[in-house]
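Colleague: I am new to reading protein models, and I would like to learn with an example on the screen. Could you walk me through one, feature by feature?

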There are 4 protein chains.
Amino acid sequence: MQADIKPRWERRKDARPQELLAAALDLFVERGYAATRLEDVARRAGVSKGTLYLYFENKEDLFKAVVRDSIVQPLGQAELDFADADGHSADLLRTLLMRWWDKVGATRAAGIVKLMMAESGNFPELTQFYNEEVIERGNALIAGVLTRGVARGEFRPVDPAVMMPVLSAPILMLMIWCHSSSPCLGARVDPRLFLATFLDNALRGLRPDGAPEGAPYAALPGPLPEK
Amino acid sequence: MQADIKPRWERRKDARPQELLAAALDLFVERGYAATRLEDVARRAGVSKGTLYLYFENKEDLFKAVVRDSIVQPLGQAELDFADADGHSADLLRTLLMRWWDKVGATRAAGIVKLMMAESGNFPELTQFYNEEVIERGNALIAGVLTRGVARGEFRPVDPAVMMPVLSAPILMLMIWCHSSSPCLGARVDPRLFLATFLDNALRGLRPDGAPEGAPYAALPGPLPEK
Amino acid sequence: MQADIKPRWERRKDARPQELLAAALDLFVERGYAATRLEDVARRAGVSKGTLYLYFENKEDLFKAVVRDSIVQPLGQAELDFADADGHSADLLRTLLMRWWDKVGATRAAGIVKLMMAESGNFPELTQFYNEEVIERGNALIAGVLTRGVARGEFRPVDPAVMMPVLSAPILMLMIWCHSSSPCLGARVDPRLFLATFLDNALRGLRPDGAPEGAPYAALPGPLPEK
Amino acid sequence: MQADIKPRWERRKDARPQELLAAALDLFVERGYAATRLEDVARRAGVSKGTLYLYFENKEDLFKAVVRDSIVQPLGQAELDFADADGHSADLLRTLLMRWWDKVGATRAAGIVKLMMAESGNFPELTQFYNEEVIERGNALIAGVLTRGVARGEFRPVDPAVMMPVLSAPILMLMIWCHSSSPCLGARVDPRLFLATFLDNALRGLRPDGAPEGAPYAALPGPLPEK
DNA sequence: GATGAATGAGGTTTCATTCAT
DNA sequence: AATGAATGAAACCTCATTCAT
């Protein structure tokens with residue numbers, strides 16, 4: 001019970017990696033991977049350049065840690081949610097996506113998606129890591145929900161591998177939009193409205209023939225609002 | 001007919017800028033702006049580092065020339081097409097977008113969009129140039145078509161400034177998709193099908209109340225194919 | 001007494017800027033501004049190229065620091081000496097010039113004068129800095145002594161602005177001579193003799209009509225030695 | 001008599017070297033040796049870079065040609081004048097110096113002196129050339145006049161090797177002054193007055209004991225004007 | 001003779017990484 | 001554990017010189 005009572009400097013010490021990860025996430029998202037200088041990361045975290053190397057082997061290792069902390073970890077939570085689920089697959093999909101948005105999409109972590117899109121070609125090792133830890137697990141999760149829904153007769157019989165990108169793409173795009181400043185487009189979408197609209201429409205499309213319309217498929221009444 | 005018979009090296013000279021622009025476009029799109037080394041551009045064009053500086057003042061100048069050559073020029077053509085148009089605004093919009101896709105979206109130039117999204121924050125001068133020469137002119141063009149359509153009663157009364165990003169965003173996203181290799185998503189969309197579907201749907205939405213359904217608004221018969 | 005006992009590398013750190021300034025002064029004077037390579041400066045100071053950039057932003061900054069350290073600082077001291085002076089203006093002028101010679105003219109710093117004369121046209125920013133920090137302050141100092149002497153009736157009524165270059169030019173020339181190796185002229189003047197002769201003659205010329213001849217105006221007895 | 005009637009382009013051709021030398025002198029004096037780009041020399045002469053290499057082997061060769069054309073040649077003329085002289089040595093010295101000033105000191109060629117002072121250390125081959133062709137011949141000429149004057153009893157018995165730099169230094173300094181823009185000093189001396197004063201004073205000093213005062217030693221009546 | 005396109009060594013500057021303290 | 005001085009590879013850019021036409 002005394003376990004976490006420590007002198008202040010020691011608590012400080014334990015907090016170091018998190019402070020570094022937060023600083024690194026900020027700068028990576030703001031400037032990109034290559035353009036982020038480790039000295040700036042260290043300074044923003046209030047430590048010296050050398051200290052950073054006490055916690056992370058090198059720049060790549062730091063970046064991987066940022067991805068693990070801000071993306072892979074929530075993804076793991078989503079996988080657990082999926083494993084524990086026992087309700088209707090439409091509700092499950094809705095829940096997973098909304099939680100994902102809250103934990104990742106709405107945070108600075110979303111900027112990682114844009115960053116990887118742009119720079120992955122130059123850093124093969126990072127690309128491999130990202131594909132294995134994020135892309136494939138994320139895709140598998142969505143495909144898993146689809147498979148579950150089809151197997152339980154809650155979704156019409158679609159090919160999960162084909163439908164999966166149709167569901168993931170809008171989420172990715174929304175993440176990019178929300179973290180692009182100038183030259184993407186001034187198109188300031190309202191993320192919650194976009195998500196609601198998109199989910200409503202996608203789930204309507206997944207309703208098996210003969211299943212009753214309305215909840216849990218359709219959440220929005222009447223005609224969708226013209227965005 | 002002797003007019004264009006020149007000594008070999010002079011013919012080379014005329015071709016050099018285009019060869020360099022092509023090499024630069026390749027590498028900028030492949031690696032990003034900052035990560036592209038001018039020596040590599042030169043080597044890919046088959047010349048030495050110094051030669052590049054005979055034709056372009058510096059890296060920034062080279063990049064601007066690439067953008068002008070591969071994006072601004074087609075945009076200017078689209079502006080002329082718009083000025084010359086005398087048909088129905090729905091057909092005009094369709095024509096402009098499809099030509100844009102052929103001239104830019106389907107070429108490597110589309111990669112520039114992704115690049116600017118990711119790196120614009122680090123290169124203010126490039127951002128300003130890109131905003132003025134590409135973003136603003138492109139936006140003005142789409143808004144112009146909308147204004148024309150509304151004025152001629154061919155589109156329902158929408159606010160062009162509000163509707164404009166709704167039309168441009170899907171095009172931008174498609175360009176990004178088609179030029180992102182690994183970690184965007186394996187989601188390999190069929191660009192022509194995507195464009196047809198998107199245009200069909202967007203124009204249906206712009207049909208004024210009371211105007212006859214079908215052409216020129218709807219081009220695809222019956223229910224849209226499940227993307 | 002323990003105050004200045006520091007770890008060895010920290011003592012090094014404090015000494016670094018001075019070591020670098022000394023090396024830079026050597027090389028700037030030896031080769032000129034443009035022809036001095038920073039790598040050589042670093043090597044002469046016993047450090048690597050990158051280390052230099054820990055202490056100075058760039059070449060220009062390094063040069064300015066050299067000028068400040070070796071010229072502006074002694075000039076500031078001379079200004080203080082002038083402000084504190086309470087004796088005869090002839091003695092003041094003699095003292096200021098002899099100290100200037102010891103602190104600057106007889107050191108490698110004198111080479112800076114030659115360097116600026118030759119290269120100032122190519123480096124406008126350096127020229128501005130040098131004019132403001134050296135030329136103008138130096139001229140003002142000499143003019144100030146003249147004004148003081150005239151006001152106190154210790155010099156005949158001369159226009160300080162007109163007489164000032166007459167006094168500064170021989171000093172400048174001597175500095176150039178003493179730091180020009182080959183093709184100025186083999187004319188090896190004896191600096192102390194030159195200074196004594198010049199001062200003696202200049203002060204004789206400044207003696208007001210009616211003032212007693214001899215000290216403090218004339219310091220050298222009888223006919224000047226044939227140089 | 002038809003000898004110099006040539007087609008225009010051929011006269012042009014013969015003029016090329018002179019045009020290049022003039023352009024090179026301008027730029028060398030303006031920017032220094034190292035900072036002068038051969039492309040700029042060629043452009044100022046109205047030819048292409050390659051053409052320059054038809055007339056001069058390389059930069060060094062061009063510089064030597066400039067020195068020969070603008071300094072060595074007048075020096076050779078002075079040597080002939082000296083050989084032909086039969087008048088009083090005081091008049092001879094006066095004549096030689098004034099002609100030197102008109103042919104060299106008052107022209108842009110005077111800037112070469114400043115340039116060599118500053119950059120000679122970096123270009124040993126140029127230094128050797130300059131020492132042999134200019135410094136030594138010039139010194140020999142002045143020493144020759146002194147020797148002649150002493151031998152003919154027109155100058156008091158001085159050691160020519162000792163007196164020589166006393167005579168050459170003021171001339172050199174005047175050349176430097178007249179071609180230094182900013183950071184030498186604003187001291188704008190009047191060259192003709194400086195020369196007259198200097199010659200008058202120097203020749204007075206060379207008058208043998210017992211020789212009549214006045215011409216040809218003193219040229220200026222009464223007290224020298226306060227410079 | 002004349003051209004000017006092409007070259008590539010060499011300079012300044014940046015920054016990930018190391019290591020003595 | 002923490003520091004921050006030091007390193008050196010690598011990038012951009014310049015310019016004397018060459019050479020095919």
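**Reading a helical model**

Modeller: Happily! Let's start with a record: UniProt, in an unreviewed entry, places the feature "DNA-binding region" at residues 37–56 of chain A. The model itself is predicted, so please keep that in mind as we go.

Colleague: What does the span of residues 37–56 of chain A look like, in helix and strand?

Modeller: For a span like this, we look at its make-up and at its two ends. Residues 37–56 of chain A are 75% helix and 0% strand. The C-alpha atoms at the two ends of that span lie 14 Å apart.

Colleague: How many helices and strands are there in chain A?

Modeller: Chain A has nine helices and zero strands. Read from the N terminus, its elements go α-α-α-α-α-α-α-α-α.

Colleague: And how many of the residues in chain A are buried?

Modeller: Of the 227 residues in chain A, 49% are buried. We can also ask how contacts span the sequence. Taking contacts in chain A between residues at least 6 apart in sequence, 68% join residues at least 24 apart.

Colleague: Let's try a single residue. Where is A:Glu30?

Modeller: A:Glu30 sits in helix H1 of chain A, which covers residues 8–31. With a relative accessibility of 47%, A:Glu30 counts as partly exposed, because that label covers values between 20% and 50%. You can also take a distance: A:Glu30 and A:Val150 are 120 residues apart along the chain, and their C-alpha atoms are separated by 41 Å.

Colleague: Now for pairs of helices. At what angle do H8 and H9 of chain B pack?

Modeller: We read an angle and a separation between axes. In chain B, helix H8 (residues 160–178) and helix H9 (residues 191–206) pack at about 175 degrees, and their axes are 11 Å apart. Angles over 145 degrees count as roughly antiparallel, so H8(B) is roughly antiparallel to H9(B). On the H8(B) side, the contact includes B:Met163, B:Val166 and B:Trp177; on the H9(B) side, B:Phe194, B:Leu195 and B:Phe198 are among the residues. By class, this contact of H8(B) with H9(B) has 14 nonpolar residues, no polar and no charged.

Colleague: How does H5 of chain B pack with H8(B)?

Modeller: Helix H5 of chain B (residues 89–105) and H8(B) pack at an angle of about 25 degrees, with their axes 12 Å apart. Angles under 35 degrees count as roughly parallel, so H5(B) is roughly parallel to H8(B). The crossing of H5(B) past H8(B) is right-handed. Among the contact residues are B:Leu93, B:Trp100 and B:Gly105 of H5(B), together with B:Leu167, B:Ile171 and B:Met175 of H8(B). The residues of this contact of H5(B) with H8(B) divide into ten nonpolar, one polar and no charged.

Colleague: And which residues make the contact of H6 and H7 in chain B?

Modeller: Geometry comes before the residues. Helix H6 of chain B (residues 110–119) and helix H7 of chain B (residues 124–151) pack at about 130 degrees, with axes 11 Å apart. That angle makes H6(B) oblique to H7(B). H6(B) passes H7(B) in a left-handed crossing. The contact is made by B:Ile112, B:Val113 and B:Met116 of H6(B) with B:Leu126, B:Thr127 and B:Tyr130 of H7(B). Five of these residues are nonpolar, one is polar and none is charged.

Colleague: Is B:Glu119 buried or exposed?

Modeller: B:Glu119 belongs to helix H6 of chain B. B:Glu119 has a relative accessible area of 15%, and buried means under 20%, so B:Glu119 is buried. Not counting residues up to four places away in sequence, B:Glu119 touches B:Gly32, B:Tyr33 and B:Ala34.

Colleague: What about B:Glu60: which residues does it touch?

Modeller: B:Glu60 lies in helix H4 of chain B, residues 59–84, and counts as partly exposed at 25% relative accessibility. Leaving out residues up to four places away in sequence, B:Glu60 touches B:Tyr33, B:Glu125 and B:Leu126.

Colleague: One last residue, please: where is C:Gly105?

Modeller: C:Gly105 is in helix H5 of chain C, residues 89–105. C:Gly105 is buried, with a relative accessible area of 0%. Beyond its neighbours within four places in sequence, C:Gly105 is in contact with C:Trp100, C:Ala110, C:Met175 and C:His179. C:Gly105 and C:Leu174 are 69 residues apart in sequence, with their C-alpha atoms 7.9 Å apart in space.

Technical notes: Residues numbered from 1 in each chain as written. Chains lettered and ligands numbered in written order. Predicted model: local features only at pLDDT ≥ 70, side-chain atom pairs only at ≥ 80, totals over all residues. Heavy atoms only, no water. Helix = DSSP H or I, 4+ residues; strand = E, 2+ residues; numbered from the N terminus. Buried < 20%, exposed > 50% of the residue type's maximum accessible area, 1.4 Å probe, protein only. Axes fitted to C-alpha atoms, helices over the stretch in contact; angles between N-to-C directions. Parallel < 35°, antiparallel > 145°, perpendicular 65-115°, else oblique. Contact = heavy atoms within 4.5 Å. Nonpolar A, V, L, I, M, F, W, Y, C, P; charged D, E, K, R; others polar. UniProt positions renumbered as here; feature names shortened; annotations may be inferred. Left-handed = near helix turned anticlockwise from the far one by under 90°.
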